[in-house]
Amino acid sequence: MTTERAERLKALYDLGVELSALRSVPEVLDTALAHCLDLTASQFGFIGLVDPDITALEIVAIRGFHPSRAFFSEHRTIPLRPNLFASVVLENQAARVDDAQTDPNRVGQPSGHPLVGTFLGVPLRFHDHAIGMIGVANRQSPYDDDHERLIDTYAAQVSIVIRNAQLNEALEEANEGLERTVAERTSELNAAKDTLARHADELRSVLTETVDVQEHERRRIARDLHDGVNQLLIGAMLELKATEERLRGLAQNPTLQDLNTEGDPTVAGELKTEETDPQPAGAELSAGAPSVDPTDLPNSLSATLGILRQVEQEVRRVVNDLHPPTLETLGLPAAVKRLTERLARFFAVSCDVEVLGDARRVSARSEVAAYRVVQEALQNVATHSGVEQATVEIGFFPKKLTVSICDEGKGFDVGILGGSARGRFGLLSMRERAEGLGGSFEIVSALGEGTEVRVSFPIDET
Ligand SMILES: Nc1ncnc2c1ncn2[C@@H]1O[C@H](COP(=O)(O)OP(=O)(O)OP(=O)(O)O)[C@@H](O)[C@H]1O
Ligand SMILES: [Mg+2]
């Protein structure tokens, strides 16, 4: 084997090692080009790749000539026109000239480029298509077939490297795209999960608040029944008990009526003693002689009757509060007027009721909600404002029903109420009623500057 052949084989072997090391593509191209120059004793050379539009050749490796940065950036793409260099790619076949300067296909060279004398160009191919070229130039003596075969062998190797790199690049792009999509989907999923969790939280708190409000409503009904009806009934029972005992006394000792013309101890006093004293009712009578005044019996009975009348009124009030019949029959303004009359009677708070717009019936849900808001707000005026005057304004607008309840009392700092004013349900239930029907709730108040509650419901005509 000649030395030259051995060298060529060694160079090919080196290139094989270089390729299998799979270093970066520019490094492999540079090494391949260096071998090509060495083995053909060329002065300089380049490797160019056809751009995707097949209109130009882009220089991807250059050796033996060190262009300035400006020169390289200006001339790194060579237009693919039929000429000495580009014909290698366009015609997909090797080209060899002994003197580029006298070649009929020569092209002028940009100033700053060394003069090209001998030249050998070999296409890079993939599936028989030219995808670029290796060009070597300025060997002292002309290039021969051996040189061409040699560069051709390199071109085959370089083509594989480039094709692999392109496939790899496409694979990486696809991978990156996939990873981006997975990341996007994951973050969308996480966002959806967060939204779901937030909705679940909101739902839980709405549920808790609803349960709280219902509980509050129940307590209020229980309080009304306890403070009103129950107390009155106890009074009536005591009164009846006392009457019953007087009648027993009379039945046992009818002559007593002559002995006892003085006033009795109060009936309630008598029975209160009995409440704390577990003796049976008849014990006192059989032990001694209770004072019984039969003339007092009618009074006692009419007192009982009076109490029962109050019971009847109280029951009517509670029932009315639970579901005001006027609201159903006469509508919101009439029911609110009735409410304010009762408020004046029970709490001495007087109210002006003003109706704005075209008063008309709206959906039962809106009417009940508006009524309850007025009721709660007036309850607050009576309990907290410290004044005995309030104004209620009911507005019937084309698309909304509004109520505003305003007092000029002591007001309060709305800010310190915070989101969860435990144990206070009035404002909370007003807000819930309004927002539950797609409306809005607003409270304007400041210390010493009165309070205004404004609620608006979208109109949902009946
Ligand atoms: N018209 C008002 N004037 C002054 N303070 C008010 C007025 N309305 C509400 N407030 C203040 O706002 C607080 C919250 O009112 P809210 O109706 O929610 O609860 P509450 O009246 O204290 O209790 P509840 O209505 O549950 O029986 C009241 O405790 C009071 O301090
Ligand atoms: Mg209240």
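**Two loop residues, a ligand shell and helix α12**

Asn 92 is partly exposed, with 14 other C-beta atoms within 10 Å. In this predicted model, Asn 92 sits in the loop that links α4 to β4 (95-97). Its backbone is a bit out of the ordinary: Asn 92 is not a glycine, yet its phi is positive, near 55°. Most residues other than glycine have a negative phi.

Ile 54 tells a similar story. This residue, again not a glycine, has a positive phi of about 55°. Ile 54 is found in the loop between β1 (44-50) and β2 (56-63), and with 13 other C-beta atoms within 10 Å it counts as partly exposed.

Back at helix α4 (residues 87-90), the residue to look at is Val 88, which is part of that helix. Val 88 has 26 other C-beta atoms within 10 Å, and since 20 or more are enough for the label, it is buried. Along the chain, Val 88 and Met 133 are 45 residues apart, but their C-alpha atoms are separated by just 7.1 Å.

Now for the ligand. The shell around ligand 1 is made up of 18 residues, and those that come nearest are Asn 380, His 384, Arg 424, Gly 426 and Leu 427. Sorted by class, the shell has nine polar, six nonpolar and three charged residues. Two helices, α12 (364-385) and α13 (426-436), each put at least two residues into the shell. The largest share, five residues, is from α12.

That makes α12 worth a closer look. The helix has 22 residues, so at 1.5 Å a residue it should span 32 Å; the C-alpha atoms at its ends are 30 Å apart, which agrees. Plenty of α12 is tucked away: the buried residues are Ser 366, Glu 367, Ala 369, Ala 370, Tyr 371, Val 373, Val 374, Ala 377, Leu 378, Asn 380, Val 381 and Ser 385. Asn 380 thus turns up twice, being buried in α12 and among the residues that come nearest to ligand 1. Just past the end of α12, Gly 386 has a positive phi of about 80°.

Helix α12 also packs against α11 (residues 332-347), at an angle of about 20° and with 10 Å between the two axes. Angles under 35 degrees count as roughly parallel, and α11 and α12 are therefore roughly parallel to each other. Their crossing is right-handed.

Conventions: Residues are numbered from 1 along each chain as its sequence is written. Chains are lettered from A and ligands numbered from 1 in the order in which they are written. This is a predicted model: local features need pLDDT of at least 70, side-chain atom pairs count only at pLDDT 80 or more; totals for chains, interfaces and linings use all residues. A residue is near a molecule or strand if its C-beta atom, placed from the backbone, lies within 6 Å of it. Helices (H or I, at least four residues) and strands (E, at least two) are DSSP runs, numbered from the N terminus. Ala, Val, Leu, Ile, Met, Phe, Trp, Tyr, Cys and Pro count as nonpolar, Asp, Glu, Lys and Arg as charged, and the others, Gly among them, as polar. The expected span of a helix is 1.5 Å times one less than its number of residues. A residue is buried if 20 or more other C-beta atoms lie within 10 Å of its own, exposed if 12 or fewer, and partly exposed in between; C-beta atoms are placed from the backbone. Axes are lines fitted to C-alpha atoms, for helices over the stretch in contact, and angles run from 0 to 180 degrees between N-to-C directions. Angles under 35 degrees count as roughly parallel, over 145 as roughly antiparallel, 65 to 115 as roughly perpendicular and the rest as oblique. A crossing is left-handed if the near helix is turned anticlockwise from the far one by less than a right angle, and right-handed if clockwise.
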